[in-house]
Amino acid sequence: MLFRLNDKDFRPNEHNLYFLFGLKSSATSADIKSAYRRLTRKYHPDFHDGAKSFQDAFSIINNIYSILINERKRFDYNIIYRRKIKDMAVVNYSAYNAEDFHNDAYALIPAGKYRVRIEDAKERISRSGKDMIELTLAVSGYSSKLWSYIILDQSTPEAIKKTNQAIGTVFDSFKIPHGDLELDHWIGRVGGAKVNHRDGIDGEPRANIQYFLYRKEVDKLPAWKNPDGSTPTVQDNINPDMTDFDGKPIDPDNPHGIPF
């Protein structure tokens with residue numbers, strides 16, 4: 001999943017090369033060589049019956065390595081990379097909207113069971129170097145956001161079983177068709193989660209997703225509430241069961257109902 005082999009929008013020349021290798025921009029040559037060896041073992045087409053997708057991934061890996069391991073090419077790339085980061089910061093700052101700020105944006109959510117909505121879903125790399133899905137979640141009745149991380153561990157049969165169980169729970173809770181790993185299709189879906197508290201690094205309690213609820217438990221939860229306690233309307237763009245407002249199922253290829 002690191003190279004998003006099935007993502008038609010993936011453009012290697014426009015992505016952060018360090019991220020694609022699971023590295024920081026401060027990585028040493030030894031770090032780069034180590035990442036290259038790891039990815040070569042994982043994506044070499046000889047290990048995947050010569051599949052075209054893995055041939056493409058292997059070519060991308062070699063192209064990235066040729067840039068990062070070459071001192072001059074890496075120097076030139078770093079200039080471009082930093083310029084892009086700076087441009088992104090300027091764009092994000094200029095788009096700041098004071099109305100997006102809420103005094104209770106970081107309010108502690110009490111422990112309990114809640115309806116939660118997937119606001120964003122991204123592929124990440126865990127601290128241990130494993131592929132991971134990061135979910136950003138809105139919680140019924142609260143402005144605060146919560147995060148959940150699904151580690152895609154394929155190291156042992158037992159790890160694969162646990163990974164499939166974790167993803168299967170998400171499919172069930174959020175009514176995602178089983179096997180649909182197009183993360184864009186997950187955004188906007190509503191399921192349920194058990195929230196508990198853990199101490200943060202500063203010793204203060206932090207709300208945390210303990211586990212996702214199965215659909216039969218989600219259906220027993222109170223209806224979705226806005227942060228101010230009101231019931232959502234069509235304008236609030238809340239769509240708990242991924243049906244349009246006439247009750248018809250939403251097209252999975254166009255989950256947000258965009259008319260163009």
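**Reasoning about a predicted model**

Student: Why does Arg-41 count as exposed?
Tutor: In this predicted model, the relative accessibility of Arg-41 is 56%, and since a residue is called exposed when that value is over 50%, Arg-41 counts as exposed. Its place in the chain is helix H2, which covers residues 29-43.

Student: What makes the positive surface patch that Arg-41 belongs to?
Tutor: The patch is formed by Lys-33, Arg-37, Arg-38 and Arg-41, and it is called positive because Lys and Arg count as positive. A patch residue needs over 30% relative accessible area and no salt bridge, and Arg-41, with 56% relative accessibility, meets the first of these conditions.

Student: How do you know that Asp-56 forms a salt bridge with Lys-52?
Tutor: The closest N and O atoms of Asp-56 and Lys-52 are 2.9 Å apart, and because a salt bridge asks for a side-chain nitrogen of Lys or Arg within 4 Å of a carboxyl oxygen of Asp or Glu, the pair qualifies. Asp-56 and Lys-52 both lie in helix H3 (residues 52-68), where they are 4 residues apart, about one turn of the helix.

Student: Why is Asp-56 called partly exposed, and why does Lys-52 count as exposed?
Tutor: Asp-56 has a relative accessible area of 37%, which falls between the 20% and 50% limits, so Asp-56 is partly exposed. Lys-52 reaches 56% relative accessibility, and because that is over 50%, Lys-52 is exposed.

Student: What makes the pair Arg-117 and Glu-119 a salt bridge, and is Arg-117 buried or exposed?
Tutor: The closest N and O atoms of Arg-117 and Glu-119 are 2.7 Å apart, within the 4 Å limit, so the pair is a salt bridge. Arg-117 has a relative accessible area of 13%, and because this is under 20%, Arg-117 is buried. Glu-119, with 30%, is partly exposed.

Student: How do you know that Glu-134 and Arg-124 meet in a salt bridge?
Tutor: The N to O distance between the side chains of Glu-134 and Arg-124 is 3.5 Å, and because this too is within 4 Å, the pair is a salt bridge. The pair links distant parts of the chain, for Glu-134 is in strand S2 (residues 131-139) and Arg-124 is in strand S1 (residues 112-125), 10 residues apart. Glu-134 has a relative accessible area of 15%, under the 20% limit, and is therefore buried, whereas Arg-124, at 30%, is partly exposed. By this rule, the count of salt bridges comes to 7.

Student: Why is Asp-184 called exposed, and where is its place?
Tutor: Asp-184 has a relative accessible area of 51%, and because the cut-off is over 50%, Asp-184 is exposed. Its place is in the loop between helix H5 (157-173) and strand S4 (190-199). The C-alpha atoms of Asp-184 and Asp-120 are separated by 8.1 Å, although the two residues are 64 residues apart along the chain.

Student: Why does Ser-230 count as partly exposed?
Tutor: Ser-230 has 29% relative accessibility, which lies between 20% and 50%, so Ser-230 counts as partly exposed. Ser-230 sits in the segment after helix H6 (215-218).

Student: How many helices and strands does the chain have, and what percentage of its residues count as buried?
Tutor: The chain has 6 helices and 5 strands, and of its 260 residues 36% count as buried.

Methods: Residues numbered from 1 in each chain as written. Predicted model: local features only at pLDDT ≥ 70, side-chain atom pairs only at ≥ 80, totals over all residues. Heavy atoms only, no water. Patch = residues over 30% accessible without salt bridge, like charges linked within 9 Å, V, L, I, M, F, W, Y side chains within 5 Å. Areas by Shrake-Rupley, 256 points an atom, 1.4 Å probe, with all protein chains shown as cover. Charge placed at Lys NZ, Arg CZ, Asp CG, Glu CD. Helix = DSSP H or I, 4+ residues; strand = E, 2+ residues; numbered from the N terminus. Buried < 20%, exposed > 50% of the residue type's maximum accessible area, 1.4 Å probe, protein only.
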